[in-house]
Amino acid sequence: MTEIASHSDETRPTVLIIDDSADVHRLLKVRLKHEEIDFLSAERGAPGIQLARDHRPTLVLLDLDMPEMDGFQVLRALKDHNETQHIPVIVLSGQQSPQDKVTAFELGAVDYITKPFEFTELRVRVRSALRMHQLVQMLAQKAQIDGLTGLWNRTYFDNRWTEEHARATRHGHPISVAVLDVDHFKSVNDTFGHPAGDAVLQGLAKIARREARNTDLACRYGGEEFVLIMPDTRAHEAEILLERVRAAVEATVWPRHPQRTVTISVGIVGATGVTPASAAEWIEAADRNLYAAKHGGRNRVVTTDLSVCLPGFIARQK
């Protein structure tokens with residue numbers, strides 16, 4: 001059995017239960033039903049690993065004694081994969097073996113609970129693991145947020161783009177990425193001062209957040225350059241979205257220099273299915289499109305659909 005529970009509130013933590021006993025799944029869900037969490041369920045190790053990679057739950061409750069793949073093998077696979085290595089895992093076991101506990105902790109488990117459960121203790125330990133994960137996530141998030149614009153920073157983008165590109169490649173999903181740059185930004189700083197330049201960057205970030213969808217990821221790439229990751233988005237759809245952003249920036253009246261219009265140039269690369277281009281090659285191609293927009297007169301969007309250009313596009317552009 002592989003089951004995905006309904007998620008009515010995406011802000012709720014998600015607990016993935018990997019256990020070969022359907023009774024344990026039912027019992028855990030009943031006993032933890034007041035904890036404001038959603039559940040994912042798998043009765044075998046391999047489907048559980050795939051669920052963890054696809055959905056990245058907040059916490060995994062992992063049984064040790066399972067057929068095909070035991071809990072140690074599952075735990076090792078979770079901790080060896082970059083998409084799941086930071087997910088906390090509580091090991092569940094019917095054995096009191098000290099060596100099993102040592103092995104579980106050495107492999108990266110955050111806790112070890114023996115069956116049969118004392119459910120008050122189980123609830124407390126689950127709450128503790130979720131609370132610790134939330135604190136760690138908050139600290140990690142603060143380290144990946146740009147202080148001026150409030151967008152994700154370059155470090156976050158580099159990691160997330162690699163993940164999103166890999167996911168789109170693995171499943172054949174559409175994906176697009178855009179690189180945005182403020183035209184003649186240096187002259188804004190030189191003419192009106194750096195506070196005016198900062199206000200432009202903050203304004204562009206606000207427009208990008210407003211126009212982007214919930215699934216899009218806006219990041220400050222560096223200086224006056226921004227990037228937008230658009231999962232499940234074809235190249236022409238990305239172009240429509242970025243045209244809205246471009247037009248909104250051009251139409252903005254800036255309080256510090258109302259007589260001075262600000263514009264942006266944008267380079268987009270997208271694909272409908274799997275392409276041989278690496279994550280780095282996508283960004284290089286988007287950068288080339290950005291430069292093409294600059295050289296073409298600025299205040300414009302240049303788009304490439306790798307689905308129709310490959311093979312050969314990346315090689316020709318190097």
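Buried here means under 20% relative accessible area. The views below are drawn from a predicted model.

**View 1. Strand 7 and its burial.** Strand 7 spans residues 175-182, and eight of its eight residues are buried, so the strand is largely enclosed by the rest of the structure. I175, V177, V179 and D181 point one way from strand 7. S176, A178, L180 and V182 point the other way, and the residues of both sets are buried. In a regular strand, side chains alternate between the two faces of the sheet.

**View 2. Strand 7 between its pairing partners, strands 9 and 10.** Strand 9 (residues 225-231) runs antiparallel to strand 7 and is joined to it by seven bridges. Within this pairing, L180 has F226 of strand 9 as its bridge partner. Strand 10 (residues 264-271) is likewise antiparallel to strand 7, with eight bridges joining the two. Here the bridge partner of V179 is G267 of strand 10.

**View 3. The largest cavity.** The model contains two cavities of 30 Å³ or more, and the largest encloses about 60 Å³ of space. Its lining consists of H165, A168, T169, H173, I175, A271, G273, V274, T275 and W282. Helix 6 (residues 154-171) provides the largest share of this lining, three residues. By residue class, the lining of the largest cavity comprises five nonpolar, five polar and no charged residues. I175, one of the lining residues, is also one of the buried residues of strand 7.

**View 4. The second largest cavity.** About 50 Å³ of space lies in the second largest cavity. The residues that line it are L151, L180, A208, A218, C219, F226, V227, L228, L242 and V245. At least two lining residues each come from strand 8 (217-222), strand 9 and helix 9 (235-251). The largest share, three residues, belongs to strand 9. The lining of the second largest cavity divides into ten nonpolar, no polar and no charged residues.

**View 5. L180 and F226 at the second largest cavity.** Both L180 and F226 belong to the lining of the second largest cavity. The two residues are also bridge partners, L180 in strand 7 and F226 in strand 9. L180 is buried and points from strand 7 the same way as S176, A178 and V182. I175, which lines the largest cavity, points the other way from strand 7, together with V177, V179 and D181.

Notes. Residues are numbered from 1 along each chain as its sequence is written. This is a predicted model: local features need pLDDT of at least 70, side-chain atom pairs count only at pLDDT 80 or more; totals for chains, interfaces and linings use all residues. Side-chain values use heavy atoms; hydrogens and water are left out. Buried means under 20% relative accessible area, exposed over 50%, partly exposed in between (1.4 Å probe, protein chains only). Helices (H or I, at least four residues) and strands (E, at least two) are DSSP runs, numbered from the N terminus. Two strands pair if DSSP finds at least two bridges between them. On a 1 Å grid over the protein atoms alone, a cavity is a set of points where a 1.4 Å probe fits but cannot get out, and a pocket is an open set with protein on both sides within 12 Å along at least five of seven lines; lining residues have an atom within 4 Å of a point. Grid points are joined across faces, edges and corners, and a volume is the space filled by probe spheres set on the points. Ala, Val, Leu, Ile, Met, Phe, Trp, Tyr, Cys and Pro count as nonpolar, Asp, Glu, Lys and Arg as charged, and the others, Gly among them, as polar.
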